[in-house]
Amino acid sequence: MKLKNSTPINWKFSERAEQLQSSVIREILKVTSRPEVISFAGGLPSPETFPVERMQAAFDKVLATQGKSALQYGTSDGYAPLREFLANSLSTADCKITPDQILMVSGSQQGLDLLGKVLIDEGSKILVETPSYLGALQAFSVYQPEFVSVDTDEHGLIPSSVSAKGEGARLMYALPNFQNPTGRTMSLERRIELVEICARMGIPLIEDNPYGDLCYSGEPLPKMLNMNPDGVIYMGSFSKVLTPGIRLGYVVGPTTLIRKLEQAKQAADLHTSQLTQMAVYEVIKDGFLGEHIPTIRTFYARQCQVMLDALTKFFPAGVEWTKPEGGMFIWITLPAHIDSNELLNEAIKQNVAFVPGGPFYANNPAKNTMRLSFVTVSPERINEGVEKLGKLIQARL
Ligand code: PMP
């Protein structure tokens with residue numbers, strides 16, 4: 001029986017909830033879902049890289065052979081064979097990672113939230129790159145920290161800026177490979193220096209690395225995790241090397257931290273889908289990623305080159321952009337007087353979309369910046385979209 005009369009509830013949200021905002025990107029994606037829009041906005045991997053049949057076969061096999069345990073509750077730390085597999089692949093000659101240093105999470109985005117929950121108090125000083133991954137700023141901001149923006153240049157984060165600004169910081173959040181949003185990569189020397197500085201200052205260093213395997217040539221640079229496993233918290237994800245829809249990632253760190261994160265994970269969702277973890281283990285256990293990842297690298301490298309060529313051809317002098325060595329994004333810096341929010345409004349009228357750069361800054365947004373993703377748009381449409389953007393920029397010079 002439904003009540004006939006009830007007083008409308010005057011929703012009073014917690015102070016924490018009042019910090020929450022919808023991601024600008026998700027808002028833009030609502031506009032860009034129309035097929036006629038050429039969208040450089042999303043951070044989506046290309047669906048052409050998804051190994052659908054492999055995944056289907058793995059889910060079928062797991063359900064057929066281990067159905068009961070796959071459909072049962074699992075442990076909060078994650079499926080043991082998968083953690084063991086990851087521990088082996090993350091270990092190096094002089095740095096062994098063990099399964100108890102790994103917590104499986106429902107996408108590395110959940111790892112960011114759990115890290116915020118266990119490491120950040122209201123007013124805690126936390127160090128982020130300038131600019132940084134918007135989703136991390138969103139996840140951390142719920143816990144009301146004081147964000148301190150660490151300086152960067154074309155080679156990524158500048159470690160000496162951590163020494164200068166980091167006193168008393170509760171964590172440093174770093175994106176060493178093909179950073180989201182800029183596509184920049186930190187050099188090996190800078191990685192070593194950053195690890196040393198954070199260790200000296202007693203600052204936990206988060207190494208968020210969802211794009212690390214997507215290098216266009218050569219092999220990925222060494223992980224900071226393996227330089228100091230006692231002080232680095234590493235975050236990995238299957239989103240960019242398999243598919244994002246399975247929501248599977250992992251956090252690696254010192255066991256004291258991992259056990260605390262495990263408690264937070266238990267409170268949040270008990271555990272990550274057992275069926276998914278078992279199917280992913282089935283897909284990767286015999287080395288599938290070793291053959292699959294190179295195909296993604298080749299594909300993204302080609303897409304990136306198409307966009308770089310289009311930028312050279314169609315963007316006017318005075319505009320600068322990064323030249324990524326991997327990953328999914330190019331970062332554009334427009335002449336200082338051009339506001340990329342205004343540019344976006346005009347671009348959308350012409351059915352082209354991108355993400356304005358402002359929201360990626362924890363402090364002092366540079367409004368003349370923007371992020372372009374090049375992996376989900378065909379080469380013809382990359383050219384068409386970049387040409388349109390070039391004309392709109394030209395008109396504002
Ligand atoms: N970190 C970075 C830098 C990202 O770009 C993303 C996804 N866009 C994530 C974390 C979250 O990835 P997921 O939750 O899909 O593992």
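E122 is exposed, with 10 other C-beta atoms within 10 Å. A residue is called exposed if 12 or fewer other C-beta atoms lie within 10 Å of its own, buried if there are 20 or more, and partly exposed in between; the C-beta atoms are placed from the backbone. The model is predicted: local features need pLDDT of at least 70, side-chain atom pairs count only at pLDDT 80 or more, and totals for chains, interfaces and linings use all residues. Residues are numbered from 1 along each chain as its sequence is written. E122 sits in the loop between α5 (108–119) and β3 (125–129). Helices (H or I, at least four residues) and strands (E, at least two) are DSSP runs, numbered from the N terminus. A139 follows 17 residues apart along the chain from E122, and the two C-alpha atoms are separated by 14 Å.

Strand β3 is mostly covered, with four of its five residues buried. Five bridges pair β3 with strand β4 (residues 146–150) in the parallel sense. Two strands count as paired if DSSP finds at least two bridges between them. Within this pair, L127 stands opposite V148 in β4. The loop between β3 and α6 (134–141) holds P131. The peptide bond from T130 to P131 is cis, with omega near -10°. Q144 lies in the loop between α6 and β4. Its phi is near 55°, a positive value in a residue other than glycine. Q144 counts as partly exposed, with 16 C-beta neighbours inside 10 Å.

A second cis peptide bond joins N180 and P181, with omega about 20°. P181 lies in the loop between β7 (171–174) and α8 (188–201). P181 is buried, with 28 other C-beta atoms within 10 Å. The C-alpha atoms of P181 and L29 are separated by 16 Å, although these residues are 152 residues apart along the chain.

Pairing also links strands β8, β9, β10 and β2. Strands of a sheet pair through backbone hydrogen bonds, either parallel or antiparallel. Strand β8 (residues 205–208) and β9 pair in the parallel sense over four bridges. Here I206 stands opposite I233 in β9. Strand β9 (residues 232–237) is mostly covered: six of its six residues are buried. V232, Y234 and G236 lie on one side, and I233, M235 and S237 on the other. Between β9 and β10 the pairing is antiparallel, over four bridges. The bridge partner of M235 in β10 is V251. Four bridges also join β10 (residues 249–252) to β2, again in antiparallel fashion. There M104 stands opposite Y250 in β10. In a regular strand the side chains alternate between the two faces of the sheet. In β2 (residues 102–105), I102 and M104 point one way, L103 and V105 point the other way, and all are buried.

Four further strands form an open sheet in the order β11-β12-β15-β14, with antiparallel pairing. The edges are β11 (320–321) and β14 (355–356); each has a single partner strand, so one side of each is left without a neighbour in the sheet. Two bridges join β14 to the antiparallel strand β15 (residues 369–373). V355 stands opposite R371 in β15. The loop between β14 and β15 contains N364. N364 has a positive phi of about 45° although it is not a glycine. N364 is exposed, with 9 other C-beta atoms within 10 Å.

The largest nonpolar core has 106 residues, and those with the most contacts inside it are L127, M172, L205 and F374. Such a core is a set of buried Ala, Val, Leu, Ile, Met, Phe, Trp, Tyr and Cys residues joined through C-beta atoms within 7 Å. Helix α11 (residues 288–314) gives the largest share of this core, six residues. Domain 1 (15–51 + 290–394) and domain 2 (73–288) both give residues to the core, so the core lies between them. The domain bounds come from an automatic or database domain assignment.

The ligand is surrounded by 14 residues, the closest being G107, S108, Q109, S237 and S239. A residue belongs to this shell if its C-beta atom, placed from the backbone, lies within 6 Å of the ligand. The shell divides into four nonpolar, nine polar and one charged residue. Ala, Val, Leu, Ile, Met, Phe, Trp, Tyr, Cys and Pro count as nonpolar, Asp, Glu, Lys and Arg as charged, and the others, Gly among them, as polar.
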